[in-house]
Amino acid sequence: MTDPDQQRRSTGGDAGFSGPADSSSYLKARTALTVYQAQERQLAIQKKKGVLVDRARAETLVFRLARQERDVWVTWPSRVAALMAAEVAAEVERRTAKPVTIEAAILQRALETHVRAQLDALADLRVSLG
């Protein structure tokens, strides 16, 4: 008895309604509004719980993380080239029993070339959040 359309029908007044088609569209509109309000409340709850995040903020964070990762990889060859050259030289000397010198600068350039090629390939990836 809380539905206004049913109250009008039970009292016999139509108050401008011409029949079942009008009450049907009213019920559909009311149902759509109720569903919308429920979805809106659910989104608000998810946002409060931290399940949902702001899209612009998420995109900014992803971009920042990707930039940091790229910067780490760009500087990696200069950090490890000398160590790798020493390790490879030691391994070759151990196997051949002959002294070997591997230039760290040459190894660094080779590593930089391959790291940059890999980063260029990764640059084609695009993040889609929606």
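## Talking through a four-helix model

Trainee: Where should we start: which residues make the nonpolar surface patch of about 260 Å²?

Mentor: Keep in mind that this is a predicted model. One member of the patch sits in helix 2, which covers residues 20-49, and that member is partly exposed, with a relative accessible area of 47%. A patch takes residues with over 30% relative accessible area, so 47% is enough for Leu43. The full set is Leu43, Val51 and Leu52.

Trainee: Stepping back, what pattern does the protein chain follow along the sequence?

Mentor: Count the elements to begin with: there are 4 helices and 0 strands. With no strands to place, the pattern reads α-α-α-α.

Trainee: And how much of the protein chain counts as buried?

Mentor: To count as buried, a residue needs under 20% relative accessible area. The chain has 130 residues, and the share of them that counts as buried is 9%.

Trainee: Which element gives the most residues to the lining of the largest pocket?

Mentor: The pocket holds about 630 Å³ of space. Its lining has 16 residues, and those closest to the centre are Ala66, Arg67, Leu122, Ala123 and Leu125. Two elements, helix 3 and helix 4, give two or more residues to this lining. With 8 residues, the one that gives the most is helix 3.

Trainee: How many of the residues in that pocket lining are charged?

Mentor: Sort the lining by residue type. Nonpolar residues account for 10 and there are no polar ones, which leaves a charged group of 6.

Trainee: Is Ala97 buried or exposed?

Mentor: Ala97 belongs to the loop between helix 3 (55-96) and helix 4 (104-123). Its phi is near 60 degrees, a positive value in a residue other than glycine. The relative accessible area of Ala97 is 69%, and the cut-off for that class is over 50%, so Ala97 is exposed.

Trainee: What separates the C-alpha atoms of Val100 and Ala89?

Mentor: Val100 is also placed in the loop between helix 3 and helix 4. At 26% relative accessibility, Val100 counts as partly exposed. Along the chain, Val100 and Ala89 are 11 residues apart, while their C-alpha atoms are separated by 5.6 Å.

Trainee: Now the salt bridges: how far apart are the closest N and O atoms of Arg55 and Glu59?

Mentor: The structure holds 4 salt bridges. Arg55 and Glu59 both lie in helix 3, 4 residues apart, about one turn of the helix. Arg55 is partly exposed at 46% relative accessibility, as is Glu59 at 38%. In their salt bridge, the closest N and O atoms are apart by 3.3 Å.

Trainee: What is the N to O value for Arg70 and Asp71?

Mentor: Arg70 counts as partly exposed, at 38% relative accessibility. Asp71 is partly exposed too, with a relative accessible area of 36%. Their side chains meet in a salt bridge, with N to O at 2.8 Å.

Trainee: Which residues do salt bridges with shared partners join into one network?

Mentor: Begin with Glu91 and Arg94, which are separated by about one helical turn because they are 3 residues apart in helix 3. They form a salt bridge with the closest N and O atoms 2.7 Å apart. Glu91 is partly exposed at 32% relative accessibility, whereas Arg94 counts as exposed at 59%. Shared partners give one network of Glu91, Arg94 and Arg95.

How values were computed:
Residues numbered from 1 in each chain as written. Predicted model: local features only at pLDDT ≥ 70, side-chain atom pairs only at ≥ 80, totals over all residues. Heavy atoms only, no water. Patch = residues over 30% accessible without salt bridge, like charges linked within 9 Å, V, L, I, M, F, W, Y side chains within 5 Å. Areas by Shrake-Rupley, 256 points an atom, 1.4 Å probe, with all protein chains shown as cover. Buried < 20%, exposed > 50% of the residue type's maximum accessible area, 1.4 Å probe, protein only. 1 Å grid on protein atoms, 1.4 Å probe; cavity = no way out; pocket = protein on both sides within 12 Å on 5 of 7 lines; lining within 4 Å. Points joined across faces, edges and corners; volume = space filled by probe spheres on them.
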